[in-house]
Amino acid sequence: MFVFKGFSHPKDPQNGTNEDAWRADDLQNVVVVSDGASSSLFSSSWSNILCQSVIENVPDPMDHFNFPKWLERVREKWLNGIDLNNLSWYQKPKMASGAFATLVWATIEQSMETPDDLDDDTPLDTDFFRVYGYALGDACLMHFHNGRLVRSIPVVRSADFDSTPALMGSVNLGVDLTASFVPIDFVVPEGDWIILATDAMSQWILSQCENGSVPDWRSFWNQTPEQYDELVERIRQEQQIRIDDSTVVLCCVGSDVYLDREFNVETSTPTIRQEDNRFSFTQEYKPEPPAQPAPLGKTVSVSSVFLDFPDAAPTPPVPPRPIPPVPQPEPEPEPSTAKTGFHQTTEIPPLPTDELGIDSDFGIPNSKLPNSKPKSDSAAFRMPSSGASRPAAKPTAPRPTSKPAGSKPTASRPASRPAAPKRIQPSQEQRIEPPKPGEEEYKVAQPQPGSEPKMSAYMAELERRKVAEIEQEEQRKREQESKFGYQFQKGMSEGIKDMKEGFSDMLSGPVGEQAKEAVKKGKEKVTKFFGRLFKKGKENE
Amino acid sequence: MPYKMEISRQNKACFLFLLDQSYSMCEPLGGSQHRKCDELCNAINSWLQNMTIRASGDQGIKDWMDIGVFGYRTNSYGQPIIGSALQGPLASSPIVSIRDIGMNPARIEQRIQYIQDPTTGQTFEIPNECPVWVDPCCEGGTPMCNMLYTAHQTLTEWINQHRYSFPPIVVHITDGESQDGDPRPYAQALTRLSTMDGNVLLFNCHLSSTPAPGFMFPANPYGLPDMLAQYLYEMSSILPEPFFNHAIAEGLPLQRGARGMAFNADMVCLIQFLNMGTQAAPGLR
């Protein structure tokens, strides 16, 4: 569902303490980032435990029954890791308030929904993914599509970061955090980047976007942890970023096929999560061959999307199932229409129906159906492939059997249609009438180029048909007039006409004026009555 | 823009306290039963304790600030005695790190703290560990010029080692006039020192012997009660924007151009002045 890679650089590289923590798990499809507050005690362990607990059991802060229990278990875990007897005088007062941390997590799952702001040029076979979770404090989740920032949750602008974010405490101080959780829920197409970062890095990323220089996440992905450290140190010196623990986790969502092609991860190791010297949570996922363990505060990353693991995490690792080679999708006619075509910028003209090669009732062109995807199982629904068995219903023009060599073109259709373009213009469709079997006249009327006598005969025939049509019309009228209904209707219309004339004469006299007045009064009465009736009806409603 | 450098282990902060230890500090503080020197020591010890707790983390105390606590007085011959007011292992060190402060208090006193449960109204006695670094002292005169001169020398050396840091903050607490000359030129020399992030800040606090109403952070010299207040006003730095904004956020009615000065301060005013003068620096909030 997604590949991920995380980078983290501590506030003080010499000291090495990093209060940020992150985890990602492509089995649970969860990624989480937490930033322990420097001012609190044992915040590093708190942020680590929070991340690990989210991975193990993704909480729902809106579940007022289960969430407090989950939080209580996490707090207990934190407290159990502290030797209370060996605390110094300056640590004891802080223990009363405990540790604090910000937290953001997201689950990324394939979805049947589509984004509201879906681009028009999105390929038909694009997979979509739902990203949902929660954010507490100023650790952010940012969504990038097509090289631009789409959304940032919960902090929207770089100027909005302040020094008093909402924090999750390791000691129950009676603070209800429910209102502080900001929900995350949106749908993205494959290929989009989901970036989770702690406050300093989030602020820097947002300021970069505001300045028009959106980070190139693919280049960011390709850098080594050492290069990331250099980057953070450089932007610290340039005062572009606050001096703080700086963590960012890059997630690119996509189907297995997409990620395999884009990131070439078929040879990757199983999921590795960030490890901590004191909190080694991820030993059960020791990859084979063993990955290089990262030092504290350094990046550990990388990704795997296909490998299946047994459900029970602590069991010994099972060798990854061999992955069948994934066939590459057919190349598109133009580079801009490649699989990454969701990001294309050039406009593609609509293909004519013939070229789309629509074979099924679903309207999905065969050329665009990825044969390798599970969803390409829909091939079972396919109609017979194009070619010889193309339906006769396709509008085709009647073709003359032969065309004399050297004959000049006539107003009729050419002897043979060119192979390309195959596009059928609407005007053509209207102009071309398919032949009706059994119509001898049509055959007779079919002109033969270069034959004048036949042309005159054709004109004579037309004239004869015209006269015949007129005679037929007259005969039809005569038959109609002879019918009783017609006679009755005619008599009635004449009678009504006579009555109208009579009433007209009568109304023009003095009696007519009285009648008009009476009708007018009656009309007013009726209008008033219906007005009251309408009003009463409205009131009853 | 000055006064923006975030305080970190790489760019440490520096706080210098100049404490008047003259004989007049034996008098009771206005509105209090205790001597001025006792209240002052309590305030400084509490400040050091809070800063140490604030700097503490998983791995001990984060070394992100240097602190100097100087006392000044004269001996019976009128000779100035200028030196660190810290007791115990740190007595000979003019500037020490917060980590040294936390690890080396002169002693830790067990005190009983009374806490009332807001819901039941019941009062609890909680034993509290209170570290002590500074002990009260009151003797001789007030060699203010000598003190400012020593502070200048100390900070010159510190700034040479921390060119990019947030500029040092000097908090001067006294209860009387200078007895070795006009302190204003020395104060000006001190505030002319600077790091890349701005000039040294000098905040002056005058402790009251009488329960007269005090005031803090005046924006102009009009209405100051006497010459001493006038001198302290002129010696004090204008509050930089972060400090000004912090004070406004704390609800203090300040005007633009307010100076870091308190006059006739009682204990509440002294603690508030210390917090305002030292907690607005970036990274300490």
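**Exercise 1. Place Thr52(B) in its chain and decide whether Thr52(B) is buried or exposed.**

Solution. Start with the secondary structure: Thr52(B) sits in helix 1 of chain B, residues 36-55, where a helix is a DSSP run (H or I) of at least four residues, numbered from the N terminus. Next, take the relative accessible area, which is 0%. Thr52(B) is therefore buried, the term for values under 20% with a 1.4 Å probe and protein chains only. Finally, list its contacts (heavy atoms within 4.5 Å). Leaving out residues up to four places away in sequence, Thr52(B) touches Trp89(A) and Tyr90(A), along with Ile61(B), Ile98(B), Ile101(B), Gly102(B) and Trp133(B).

A word on conventions: this is a predicted model, in which local features need pLDDT of at least 70 and side-chain atom pairs count only at pLDDT 80 or more, while totals for chains, interfaces and linings use all residues. Residues are numbered from 1 along each chain, chains are lettered from A, and side-chain values use heavy atoms, without hydrogens or water.

**Exercise 2. Find which residues touch the most other members of the largest nonpolar core.**

Solution. A nonpolar core joins buried Ala, Val, Leu, Ile, Met, Phe, Trp, Tyr and Cys residues through side-chain atoms within 4.5 Å. The largest has 59 residues, and Phe17(B) and Ile173(B) touch the most other members. Its largest share, 10 residues, comes from helix 1 of chain B. Another core, of 30 residues, lies apart from it and includes Cys140(A) and Phe263(A).

**Exercise 3. Judge the confidence in chain A.**

Solution. The average pLDDT (the predictor's confidence in each residue, from 0 to 100) is 70, and 65% of the residues score at least 70. Over residues 266-453 of chain A, pLDDT is below 50. Where pLDDT is low, predicted coordinates should not be read in detail.

Methods. Helix = DSSP H or I, 4+ residues; strand = E, 2+ residues; numbered from the N terminus. Buried < 20%, exposed > 50% of the residue type's maximum accessible area, 1.4 Å probe, protein only.
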